[in-house]
Amino acid sequence: MNFRKTMAASAITLATTLLSANVAYAACATDGLPSSMAKPDGYPARALTMVVPYGPAGGSGQVAQAMAQAVSDLTGVSINRDHKPGGSGTVGMTAYMASPADGYAVMEHIDDASSAHALDSGRPNPATDLIPLVTSQITFSQIYIRTDEDRFTDWESFVKWVTAQNGRATIANVSKEGSMERVNMKFITDATGMQIQQISFDKGAPRYGALAGGQVDALFEQPGDVRKFMDAGKFKPILTLLKERPAAFADVPSLTDVALDFDPLYRFRGFYVHKDAPADRVKWLQWAFQKAYCQPSYQKYNESKYMTLIESFRDTQGSRDLINQTVAQYREVYKSMGLEVK
Amino acid sequence: MDVFNNFLTGTITLFSDPLGILIFFGGVIGGMLFGAIPGVSMLTLAAILLPFTAHLSAEHGIMLFSVIYCTGVYGGAITAILFNIPGAPENAPTAFDGYPMTQKGQAGKAVGAAVMCSAIGGTVSCIIMMIATAPIADWAISAFGPPEIFALVFFGLAVASSVGAKTFWKGWLSILIGLMVAVVGLDPVGGIERYDFEMPYLLAGIHFIPTILGFFAVSEIFVQAEKKVTGSYVAPKIGVEFPTLKELLAHKFAVIRSIIIGFFCGVLPGIGATLAAFMGYNEAVRWSKKPETFGKGNIEGVISSETANNAATGAAMIPLLALGLPGGALTAMMVGVFQMHDMEPGPLVFINSADLVWVVFAAMFFANISIIFVGYLETKTIINLLRIPFQFLAPMILLLATVGAYAVRGLTIDIVVMFLAGVIGFFLRRSGYSVAGIVLGLILGKIGEQTFAQAMQMLHFEWSGFFDRPIALGLILAGFVTLAGSIYGAFFKTNKPTATDPAV
């Protein structure tokens with residue numbers, strides 16, 4: 001019971017923040033920041049390096065490119081992206097932590113950094129071992145089926161069908177132990193009592209191909225990543241993992257609609273700098289990255305990825321709050337899953 | 001007729017636009033050059049160019065990437081043949097026979113075969129792509145799930161045991177070493193950390209590009225250096241003559257077979273040209289009446305590998321354009337180009353942007369054709385690099401290989417891995433093991449482990465599930481038959497080497 005209470009408390013805070021931000025979304029979050037800022041002692045005198053712990057083609061690679069472009073457009077400072085994929089972001093994080101804290105190196109990372117720290121406190125805590133410059137994408141997940149599927153057509157019939165399969169139904173996922181996807185799926189299966197086999201695909205294309213080709217029965221994904229399949233009429237969402245229906249998915253049931261009483265975990269992506277970087281440089285970077293969030297090119301990119309359905313922006317303190325809440329939420333879940341939390 | 005008319009319209013649009021022509025030829029030459037430099041591959045060029053495509057029109061941006069893809073896959077064959085340095089993993093099997101041909105003074109023939117067969121493989125797959133993109137894409141993703149891809153990998157490994165080792169047993173031991181190396185890092189399903197020795201960089205696994213550079217380029221430098229020291233070094237003869245049409249026609253079945261294999265591998269999302277090249281080469285060995293000549297400079301090895309890897313290029317565009325599913329890293333970057341122009345590859349592209357699609361198809365077709373002409377000129381000039389004395393050439397190769405190893409992920413450990421592989425490869429080659437087998441085990445092992453785990457999850461951990469899927473069953477049976485044949489050969493035809501190759 002304590003677990004549920006803790007989860008509910010942290011999730012209420014997170015959901016309230018998300019929804020209140022949604023209401024205030026009409027103007028862009030950092031419109032109030034000054035349009036320019038003097039470079040402290042001539043910094044940056046050369047191009048910045050952005051360590052990206054994932055490949056260039058995935059969600060992280062794309063957001064890194066969009067943000068780097070927006071910052072460059074705003075400040076005239078070039079940003080070289082240095083992709084260091086591998087180990088679910090561990091390699092990039094390790095490489096970044098070993099780089100000089102002079103403000104010339106920044107890093108993109110996702111909620112995996114928070115979940116990794118939640119599982120093993122020896123791993124860097126993005127909220128305290130780094131300074132979050134901005135969180136620029138926060139998104140929710142959905143369950144998708146093929147549009148031409150005739151065995152089930154909506155969430156209710158899907159749950160009924162899956163239950164009847166007695167564990168033989170399948171869903172494509174990134175079901176790495178302790179991942180956001182697996183934890184959310186645990187919430188769903190615990191709440192519905194259905195058994196479903198999660199098939200782990202670490203790359204998007206084979207994962208989406210598995211649903212399109214009928215290799216699996218359903219797909220767990222974020223809407224921005226499968227937008228083209230929805231627009232093409234190939235996939236349709238049957239459940240939104242939010243408490244309330246976002247306007248863009250007004251006809252898709254939310255968790256509340258289907259009486260699922262759990263607090264979903266979100267995918268978020270942001271940008272960081274060393275905690276020991278010179279304070280004046282950090283201040284300049286905070287301004288540049290937060291202001292760049294509202295650059296038209298970046299906003300257009302976020303819109304194309306359904307990243308404006310709930311407020312994606314967090315400043316430094318907002319990012320820390322988000323990370324801290326997320327870490328606490330993951331820790332509770334991991335303990336309940338019987339995972340060893342170090 | 002629709003296809004022809006659309007192709008004609010695409011061609012006219014492409015060549016009536018001066019900027020389009022400039023971008024086309026820039027892509028052709030850039031792809032070949034970056035493809036030819038080890039490690040600094042066509043992906044490097046694509047990553048550099050990606051932000052700039054925002055300033056181009058959607059047609060120009062996507063066309064540029066398509067052209068780089070076609071010529072980049074070919075470009076890596078040149079250094080594979082001349083210096084035993086595959087420009088990219090998909091050119092590794094080209095080196096198996098290409099480099100021994102260079103040592104025999106047949107560099108021109110090997111490069112010529114690579115030029116012609118890359119062009120043929122790419123062009124034919126391009127034509128199939130134009131005719132039947134949508135139905136092929138739908139068929140591929142419905143017919144080939146993780147169980148089928150695992151079965152394909154199993155079949156590939158069974159065939160690979162006869163590549164490059166002195167005996168069947170050494171061939172299998174080589175592959176098993178590759179498979180062992182492939183499991184270093186996070187496991188692809190549960191994310192469990194394996195063999196990392198608490199070194200975070202090892203969590204990313206051993207990348208096959210530094211391994212290839214070490215086993216092929218660095219160990220070759222050591223081998224040649226040893227010969228230089230012992231006085232047995234013989235400089236490679238320079239041969240610039242192209243293979244004759246008759247010589248190429250003699251291998252027409254190998255070309256056709258490799259086109260089918262290459263196309264087939266290319267059309268599967270996430271598989272791509274590397275597996276295509278290895279499978280094309282393996283099948284050439286399996287079907288040959290003289291398998292023992294492979295690895296010693298058999299031109300059919302070059303033909304099969306280069307036909308298959310270029311045949312995969314057109315095929316990889318099929319799932320990308322028809323379904324929005326990129327088959328590899330470069331096609332994934334193409335998704336980025338589409339998105340920069342407010343477009344998404346997928347079924348709607350054919351409806352909303354048919355003009356663009358046909359310009360891209362035309363550009364890929366002509367890029368493959370242009371490989372012949374640019375490749376011919378390239379051959380006549382680049383082969384002369386072999387005239388550089390070994391003591392000057394070796395440091396250049398080591399430098400290029402080092403840059404190439406580091407460029408993959410920007411990790412110093414990859415340079416260490418490359419030199420370790422070089423030293424290990426040097427000794428393994430002396431003892432009759434196959435470094436090609438190790439590389440193959442490493443590449444196929446990563447794909448195989450992941451698809452096996454996925455298959456077992458899909459089949460609810462019941463082995464018999466494989467037998468309910470006809471394609472998977474067929475491939476597994478073919479693998480076992482191949483394996484049984486090899487074991488029979490090992491026991492009853494003792495002392496008959498499979499494909500001995502001191503150079504590979």
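Two residues are in contact if their C-beta atoms, placed from the backbone, lie within 7 Å. Keep that cut-off at hand for the exercises below, and remember that this is a predicted model.

**Exercise 1.** Work out how chain A is divided into domains and how many residues of domain 1 touch domain 2.

*Solution.* Start with the division: domain 1 of chain A covers 2-139 + 266-337, and domain 2 covers 142-249. Next, place the two relative to each other: their centres, taken over C-alpha atoms, are 27 Å apart. Now apply the contact cut-off: 17 residues of domain 1 of chain A are in contact with 15 residues of domain 2 of chain A.

**Exercise 2.** Describe the side of domain 1 of chain A that touches domain 2 of chain A.

*Solution.* Look for helices on this side of domain 1 of chain A: α4 (111-119) and α11 (316-337) each supply at least two of its residues. Then sort the residues of this side by character, which gives 9 nonpolar, 5 polar and 3 charged.

**Exercise 3.** Find out why chain A can be called as compact as a globular protein of its length.

*Solution.* First take stock of the secondary structure of chain A: 11 helices and 10 strands. Then compare two values: the radius of gyration of chain A is 20 Å, close to the 20 Å from the globule rule for 342 residues, so chain A is as compact as a globular protein of that length. For the outline, the C-alpha atoms fill a box of roughly 70 × 45 × 35 Å along the principal axes. Finally, check burial: 53% of the 342 residues of chain A count as buried.

Technical notes
Residues numbered from 1 in each chain as written. Chains lettered and ligands numbered in written order. Predicted model: local features only at pLDDT ≥ 70, side-chain atom pairs only at ≥ 80, totals over all residues. Domains from an automatic or database assignment. Helix = DSSP H or I, 4+ residues; strand = E, 2+ residues; numbered from the N terminus. Nonpolar A, V, L, I, M, F, W, Y, C, P; charged D, E, K, R; others polar. Rg over C-alpha atoms; globule rule 2.2 N^0.38 Å. Buried ≥ 20, exposed ≤ 12 C-beta atoms within 10 Å, placed from the backbone.
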